[in-house]
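Colleague: Could you walk me through this model before I go back to the bench? I would like to go piece by piece.

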Amino acid sequence: MASPTVRRAFNWVAVALTCACVVVILIPLASILYTAIVLGGSVLSLHFLTAGPPAACTIPSGVGCPVGGIGPLIGGTLALVGLASALAVPIGVLTGIFTSEYGGRGLGRAVSFFTDVMTGLPSIVIGVFVYGLFVLYYPRIVFSAITGSIALAIIMIPIVARTSEESLRAVPHSVREAALGLGIPKYRGILRVVLPSALPAVATGALLAVMRAGGEAAPLLLTAFGNRLGFVGLDQPVGSLPPTIYEFGTSGASNWLADAWGASLILIILMLGISIVARLVLRNRFRAFGGG
Amino acid sequence: MPTKLETVQLSAFYAKKEAIHEVSLAFPEKTVTAIIGPSGCGKSTLIRCLNRMHEVTPKATTTGEIRLDGEEIHALDPVSVRRRIGMVFQKANPFPTMSVYQNVSAGLRLNGVRHRKELDAAVVRSLKQAALWDEVKDNLDGPGIRLSGGQQQRLCIARALAVEPEVILMDEPCSALDPIATAKIEDLIFDLRQNYTVVIVTHNMQQAARVAEFTAFMYLGKLIEIDRTQKLFENPAEKLTEGYITGRFG
């Protein structure tokens, strides 16, 4: 048994180490936010949020270049992520229900394993896959909101499926037994009793997937392709924030560079906003029952 | 007293392991029958067979017969069997996202009953039967899981009563409760036999003596003896029973 002094010293060192780790984690986050706010904030205005992107301007000083905006691209991102969520959340949640409630040890484990593998797929590969699939079978809409949202959905599905599975497993077995014991059919017990108990955690998983998809640029390069008009129809190419940030950010045009920083800041705010609003809604709904 | 529920040569297995062996038992209508015995003797497995909850466990099987009003329950739909044979579990398990009202009415609502007056009536009746009405009547919309442990267990009993089953199975319903909450539930069980056939598994021999007209003693998966409770405790026919109730083993 160590003396109290040694124990106290050891405790102090451990606390200091964990605090240091927190700081290390926070440095990149703070740095990204700071840079985005400083460089992106300078172009922010109502005009920037509503106007379309400007023509590239190569005046070296940048003076007199049109600033333009990213309004249509915000709409494009929301449309793509919305469509992708509409596809991925039901499929993902149902997959989670299967692996947690019906799959058993054989097939259920196998499906869990493959969703894990899918989580690890590089997103550009998913873009190439969707591109290839549509080139072969339906070339008319290779570059469209449909292919873009399918690519994003493929990224989201395994995240939603795995988090749903884990959240459903966390619901005590006794709750399922109680439902069965009342003469409630298994599927209805799952939908009306087990799933609602897991809903806050399932929704958190879905949000995680939304944020992941919202920031993806690579899979969209080969599918949604991009334009300056944002969302103009399901079968049309759609411009969105991440690929535009890539395009503008790597261009030499001074006004595009500034717009890329502005778009980055907006993307961060958008994703954070979605997350915060969804959490507030969930918390209000579940506060009475100690969930959240 | 006519027989409500009976088992004939019932054996139950978890994979290949036999948990109960050829148990033949009759439960008379509108009586309370207690099943006692040491841990692991198969009493919980037995009552989980009676409403076909045993088969929900992976790889669990049974052989032999179980008859409800003379009808073999394995020939019936398990969901309808469980609607006629309700169950109260060892640990209170109210539905965590539901209010008191929603918990009690869950069995009806989730089986398609929408009529508000019918639900209201069932909730009031069941909560009164479960001796919980006075404690929760002003807070029916509060969450069920905020109640105390004893109240939660009575809530679960009310929930089981709301669907108007014919038989109620109770698996050590008081094992997680203090003596005051236990006494309330025992009073309740005693009253339930006016309308229901009750089967209760208990560790507690005093509890069996207080609530049950019949008591069955199980040991190592076998039914050793069943008799009127008083007879079983005062003058058991089997040496094993006597050994258990006098505390010489188990």
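**Where the two chains meet**

Modeller: Let me begin with α7(A), whose buried residues are covered by elements that include α8 (186-214) of chain A, together with α2 (78-84) and β6 (85-88) of chain B. Please keep in mind that this is a predicted model.

Colleague: Okay, and which residues of helix α7 in chain A are buried?

Modeller: In that helix, which covers residues 173-181 of chain A, the buried ones are A:Arg176, A:Ala178, A:Ala179, A:Leu180 and A:Gly181. The helix is followed by A:Gly183, which has a positive phi, near 80°.

Colleague: How many residues does each chain bring to the contact?

Modeller: Chain B brings 24 residues and chain A brings 18 residues. On the side of chain B that touches chain A, the elements giving two or more residues are α2, β6, α3 (100-109) and α6 of chain B, and α2(B) gives the most, with four residues.

Colleague: What's the split between nonpolar, polar and charged on that side of chain B?

Modeller: The residues on the side of chain B that touches chain A divide into 13 nonpolar, seven polar and four charged.

Colleague: Let's step back to chain A as a whole. How many helices and strands are there?

Modeller: Chain A has 11 helices and zero strands, and its C-alpha atoms fill a box of roughly 70 × 65 × 35 Å when taken along the principal axes. Of the 292 residues in chain A, 41% are buried. If we take the contacts in chain A between residues at least 6 apart in sequence, 73% of them join residues at least 24 apart.

Colleague: Switching to chain B, then. What is the strand order in the six-stranded sheet?

Modeller: That open sheet has the order β6-β7-β8-β3-β9-β10 in chain B, and its pairing is mixed. Its edge strands are β6 and β10 (222-228) of chain B, each of which pairs on one side only. Neighbouring strands of this sheet are turned against each other by 20° on average, with direction ignored.

Colleague: Do remind me, what holds paired strands together in a sheet?

Modeller: Strands of a sheet pair through backbone hydrogen bonds, in either the parallel or the antiparallel sense. In this sheet, β3(B) and β8(B) pair in the parallel sense over four bridges, and the bridge partner of B:Ile35 in β8(B) is B:Val201.

Colleague: And which strands does α6(B) lie across?

Modeller: α6(B) lies across β6 and β7 of chain B, and runs at about 170° to β6(B).

Colleague: What about the four-stranded sheet, is its pairing parallel or antiparallel?

Modeller: The pairing there is antiparallel, in an open sheet with the order β2-β1-β4-β5 of chain B. The edge strands are β2 (17-28) and β5 (71-72) of chain B, each pairing on one side only. Strand β1, residues 3-14 of chain B, is joined to β2(B) by eight bridges, and B:Thr3 has B:Pro28 as its bridge partner in β2(B).

Colleague: Last one: which residues are buried in α7 of chain B?

Modeller: The buried residues in α7(B) are B:Lys184, B:Ile185, B:Glu186, B:Leu188, B:Ile189 and B:Leu192. What covers them includes β3 (32-36), α6 (149-162), β7 (167-171), β8 (197-201) and α8 (205-211) of chain B. This helix, residues 179-192 of chain B, has 14 residues and reaches 20 Å from its first C-alpha to its last, close to the 20 Å expected at 1.5 Å a residue.

Note on methods. Residues numbered from 1 in each chain as written. Chains lettered and ligands numbered in written order. Predicted model: local features only at pLDDT ≥ 70, side-chain atom pairs only at ≥ 80, totals over all residues. Expected span 1.5 Å × (residues − 1). Buried ≥ 20, exposed ≤ 12 C-beta atoms within 10 Å, placed from the backbone. Contact = placed C-beta atoms within 7 Å. Pairing = 2+ DSSP bridges. Nonpolar A, V, L, I, M, F, W, Y, C, P; charged D, E, K, R; others polar. Axes fitted to C-alpha atoms, helices over the stretch in contact; angles between N-to-C directions.
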